[in-house]
Amino acid sequence: MFPCVFLGGECRRGKGLCHVCWIQFRLTREILFCEVLKMIGTLSGIVRAVARNRTLWRHGKQVRGYACPPGSMRLHENCLELEYRGTRMHLDYVWLRDHCRSAESFNIQTHQRNLDTGSIDLNIRPDHVQVEDDDLILTWPGGHTSKYSLSWLAENSYEGKKQSVVQPRILWNADIYKNSHVASSKWDAFMNSEDELKKFLQNYLLYGIAFVDDVPATIEATEAVTQRVSLIRETTYGRMWSFTSDFSRGDTAYSQLDLDRHTDTTYFQEPCGIQVFHCLKHEGTGGRNLLVDGFYAAKSLRKRSPEDFELLSHVPIKHEYLERTGSHQNHMIGFGPVLNVYPWNNELYMIRYNNFDRGVINTIPHDVVRRWYAAHRQLTSELRRAENEMWMKLTPGKVIFIDNWRVMHGREAFTGVRQVCGCYLSRDDILSKSRCLGLQV
């Protein structure tokens, strides 16, 4: 007789399990296996529930997260890591407290902050964290509650801004622009229709240039059409200016000479944002206008020679305007790199390019000077490619608006009497009007 392993008794067959016990053991094992699977399923459900309603302990404080899919939220020592629609954000606790939009912290009528940022504890951490529907809800020490929509956080987080562009643009050379068939606005519709104004501004934002046709060939009408868009920026050249080739100012523009592509007022601390031209009359030959999309050329440079692009975007250069003619006495100096980019997404937003007004290069160490000249030469070569040049003749009635931070202008030499009027416009105001009309800027 041997003990039966299954029953714990004796088996008459003298083996570990008798035939009957063996069958019973197999059936019982299968039943037990099914029960184990059920238990695993139950445990999995418990784990998922715990993940959704888990209790985390940080720095001796209890922090609870609710209704949050596994892996979508993690609490670190100084920030909250959160994922929403493909964007993984790292939100600093001080930043979250500073950007609370409760009535106590933010005035929704004036859209200004009530909270004194200087009073926030730089070691602050939330006592309670909850994700409910599409909102993040934080409870801070002292009981204050902050609520943020996840979409707002994704849009305003560093990670969100790094992946997006500040201003959508269509970069162009001559063929691209001509094949786009961008329509000019007409004077009557432009002055009386908000929809026409919105179309005009959209073209301006995308291409950096826009036109209004059929404008009466007077300074007064030119002033009226510009004020429809933005405030006029008065400078040393006046509010509205009208000039001929009389050398009345110490600038090559007041001559009959050709002008190479350039941007204006590079010698201002902040160059003028928009330039307006209207040719009131021309009795002579030549005088075609040149337009070049500086951003298109810079994009080609960045692709072909990223180290040159990088150098031109980091080295500040002096630009200078010195005028001593009659009653005009001016000496202006502005500093800035040729290419200006936003540091968070490396998006180009302004180009300062004017070989006429570039001052003495004394802001670069001697071992970098030659590299700068080489990089500048590469950019100049891109700007002077024939396919990048768009030539046109401004005629009475056609007013052009130019983004002076992007599109360069020039002209060929001319003969005869040529009178041009225009002005500079405030960049901030034209962008503000665009945003108020629902355009992305």
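Start with helix H9 and select Lys299 and Lys303. Both are exposed, on the face of H9 turned away from its buried side. Keep in mind that this is a predicted model.

Now show the whole helix, residues 294-304. Pick out Gly294, Phe295, Ala297, Ala298 and Leu301, which are buried. Turn the view to look down the axis of H9. The buried residues fall within an arc of 155°, so they line one face of the helix. A general rule helps here: an α-helix has 3.6 residues a turn, so residues three or four places apart point the same way.

What do the buried residues of H9 pack against? Select the strands among the partners: S19 (289-293), S22 (339-341), S23 (348-351) and S26 (407-411). Then add two helices, H10 (306-312) and H11 (366-383), which also pack against these buried residues.

Go to the start of H9. Show the side chain of aspartate 293 and the backbone of phenylalanine 295. A side-chain oxygen of the aspartate comes to within 3.1 Å of the backbone nitrogen of the phenylalanine.

Next stop: the second largest pocket. Its volume is about 320 Å³. Its lining has 15 residues, and Arg169, Leu171, Arg302, Glu347 and Leu348 are the closest to the centre. Which element gives the most to this lining? H9 does, with four residues.

Finish with the cysteines. Select cysteine 100: its relative accessible area is 1%, so it is buried. Then select cysteine 79. Its relative accessibility is 17%, and it counts as buried because the cut-off is under 20%. Do not look for disulfides: a search of the whole structure finds zero.

How values were computed. Residues are numbered from 1 along each chain as its sequence is written. This is a predicted model: local features need pLDDT of at least 70, side-chain atom pairs count only at pLDDT 80 or more; totals for chains, interfaces and linings use all residues. Side-chain values use heavy atoms; hydrogens and water are left out. Buried means under 20% relative accessible area, exposed over 50%, partly exposed in between (1.4 Å probe, protein chains only). The arc is that of the directions from the helix axis to the C-beta atoms. Contact means heavy atoms within 4.5 Å. A polar contact is a pair of N or O atoms within 3.5 Å; within protein, one must be able to donate a hydrogen and the other to accept it, and residues adjacent in sequence count only if both atoms are side-chain atoms. A disulfide is a pair of cysteine sulfur atoms within 2.5 Å. On a 1 Å grid over the protein atoms alone, a cavity is a set of points where a 1.4 Å probe fits but cannot get out, and a pocket is an open set with protein on both sides within 12 Å along at least five of seven lines; lining residues have an atom within 4 Å of a point. Grid points are joined across faces, edges and corners, and a volume is the space filled by probe spheres set on the points.
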